[in-house]
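This note is offered to a colleague meeting the structure for the first time. Please read the numbered points with the model open alongside.

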Amino acid sequence: MGYIEPAPIKDKENPLDSMMSRFDEATRLLGITEEMYNILKIPAKQVVVGLPVTLDNGKIKVFEGYRVIHSNILGPAKGGIRFAPDVNIDEVKALAAWMTWKCAVVDIPYGGAKGGVACNPREMSEGELERLMRAYTNAMLSVFGPDRDIPAPDMGTGQREMAWLMDEYSKAHGMTIHAVVTGKPVVLGGSLGRLEATGRGVMVCALAGMERLKINPYKSTCAVQGFGNVGSFAAKLLHERGVKIIAISDISGGYHNDKGIDIDEAMQYIAKNSGTLEGYKGAEKISNEELLTLKADVLVPAAKEDVIDEEIAHKMQCKLIVEGANGPTSAKADPIINEKGILAVPDILANAGGVTVSYFEWVQNRLGYKWTQERVNRRSDRIMKEAFDKVYETMKQYNVSMRIAAYIVAIDKVAKTYQYRGGY
Ligand code: NAD
């Protein structure tokens, strides 16, 4: 029992190292045995394929594709497909584990997986991408399946690629199989409410956190980093619930207005301005670093990984952090945030609204039925609130941060399920 050596935290951490150090800490606190530690750590399946694809110039290029099923203990595996030049098997392995903990923390019956193809989608034509996606799907026919492994979009892929995947998989089986993939266009069996689902889950966690900290939303202020899918919907939905959004940002920089930013207006602005806030006049320009350290009750980092390091953590003035992005806080920043008494709702909980509604998409596909947006929202809000409460209670019980508590909830669930199912 309880033997596990902590993984050393490297000088330069990356988000995946940070995840592993938190995983190790949670397994130690739970007193997980060495055998169980290895079962939870080592992926169940790793597949690497070569994908010869004819380019528009007539030449054939071979791409390398990956799919890792980290765990299928709780149910079929679930996880996105990443198209990016630097994707490699180690990254995919770590991201697959992240999915296992995310699904377990919100208590949906999925294991974790991730896929990727090393390619540069920005330099490829639509035809080349379609051939690549179909080749990848074909190579993974025995891996994917509604009861085995259900992919979804990730960086570099979206609805269009998921439609090709569904079509290719369906053709190979001689029938339409919607439930093999989620994140599809709504006309092809996608779910209403998926677009705003992650931002909505962030909003539910932010309100639940404010309630615990006795912050009245109508008298509260919030800064949001990143104004893409997650950040813009989180800002909009919080704004609709009385929270004053005093700063937003994107790659062009931060925009600060103590009187509050009109989020609908900002969303209309980026829709007309090629998707960027550049030149937005409703606020004073600040840097992204300044945004993170503003005096606001709530901070929502919803842009990218690794933005809150030790230096930023020392300067932070918020009371509540709700991590819309994956891995925005380094493991070295965690103790500083905890010492300052800031409540940090971790990524594997705060941004799990997306995978929750993906799960609803799969449920609807299997039922052959379509839910209203109202039903989707009501059910995802309930799941997110229950997960928040469970993690919060675990935090009190173990006297740890909410982040470690989330890992404890997830790891405990997967370990107990494994014990019931048994091994060889
Ligand atoms: P997106 O591409 O729609 O938006 C990203 C936003 O961040 C954009 O506004 C972009 O300009 C901004 N940005 C990029 N680099 C920045 C920088 N250096 N500084 C400040 N802003 C920067 O992406 P998204 O789907 O909203 O995802 C955001 C984060 O949330 C990612 O970490 C993603 O992995 C995570 N996430 C997304 C989902 C989802 O359903 N979309 C689910 C779970 C987690």
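The points below take the two sheets in turn, together with selected residues.

1. Basis of the model. This is a predicted model, in which local features need pLDDT of at least 70 and side-chain atom pairs count only at pLDDT 80 or more, whereas totals for chains, interfaces and linings use all residues. Residues are numbered from 1 along each chain as its sequence is written, and side-chain values use heavy atoms, with hydrogens and water left out.

2. The five-stranded sheet. An open sheet of five strands follows the order β1-β2-β4-β3-β5, with mixed pairing. β1 (45-54) and β5 (149-153) each have a single partner strand and stand at the edges, so one side of each lacks a neighbour in the sheet. On average, neighbouring strands here are turned by 25° against each other, direction ignored. Strands are DSSP runs of E with at least two residues, helices are runs of H or I with at least four, and both are numbered from the N terminus. Two strands pair if DSSP finds at least two bridges between them. Axes are lines fitted to C-alpha atoms, for helices over the stretch in contact, and angles run from 0 to 180 degrees between N-to-C directions.

3. Strands β2 and β4. Six bridges pair β2 (residues 60-71) with β4 (residues 111-118) in the antiparallel sense. Val 68 stands opposite Lys 114 in β4. Val 62 also has its place in β2, and Val 62 is exposed, at a relative accessible area of 56%. Buried means under 20% relative accessible area, exposed over 50%, and partly exposed in between (1.4 Å probe, protein chains only). The C-alpha atoms of Val 62 and Lys 114 lie 21 Å apart, with these positions 52 residues apart along the chain.

4. Lys 78. This residue belongs to strand β3 (residues 77-84). Which side chain of opposite charge is nearest to the buried Lys 78? It is Asp 149, 7.3 Å away, and Lys 78 has no salt bridge. A salt bridge requires a side-chain nitrogen of Lys or Arg within 4 Å of a carboxyl oxygen of Asp or Glu. Lys and Arg count as positive and Asp and Glu as negative, while His and the chain ends are not counted. The side chain of Lys 78 does make a polar contact of 2.8 Å with that of Thr 182. A polar contact is a pair of N or O atoms within 3.5 Å; within protein, one must be able to donate a hydrogen and the other to accept it, and residues adjacent in sequence count only if both atoms are side-chain atoms.

5. The seven-stranded sheet. A sheet of seven strands, open and of mixed pairing, has the order β9-β8-β7-β6-β10-β11-β12. Its edges are β9 (284-286) and β12 (343-345), each with a single partner strand, so one side of each is left without a neighbour in the sheet. Neighbouring strands are turned by 20° against each other on average, direction ignored. Within this sheet, β7 (residues 244-250) and β8 (residues 253-256) run antiparallel and are joined by four bridges; Ser 249 has Gly 254 in β8 as its bridge partner.

6. Strand β10. Both faces of β10 (residues 298-301) are covered, with Val 298 and Val 300 buried on one side and Leu 299 and Pro 301 buried on the other. β10 pairs in parallel with β6 (residues 221-225) over four bridges, and Gln 225 has Pro 301 as its bridge partner.

7. Thr 329. This residue is in the loop between β11 and α11 (334-339). Thr 329 counts as buried, at 3% relative accessibility, and its side chain makes a polar contact of 2.5 Å with the side chain of Glu 323.
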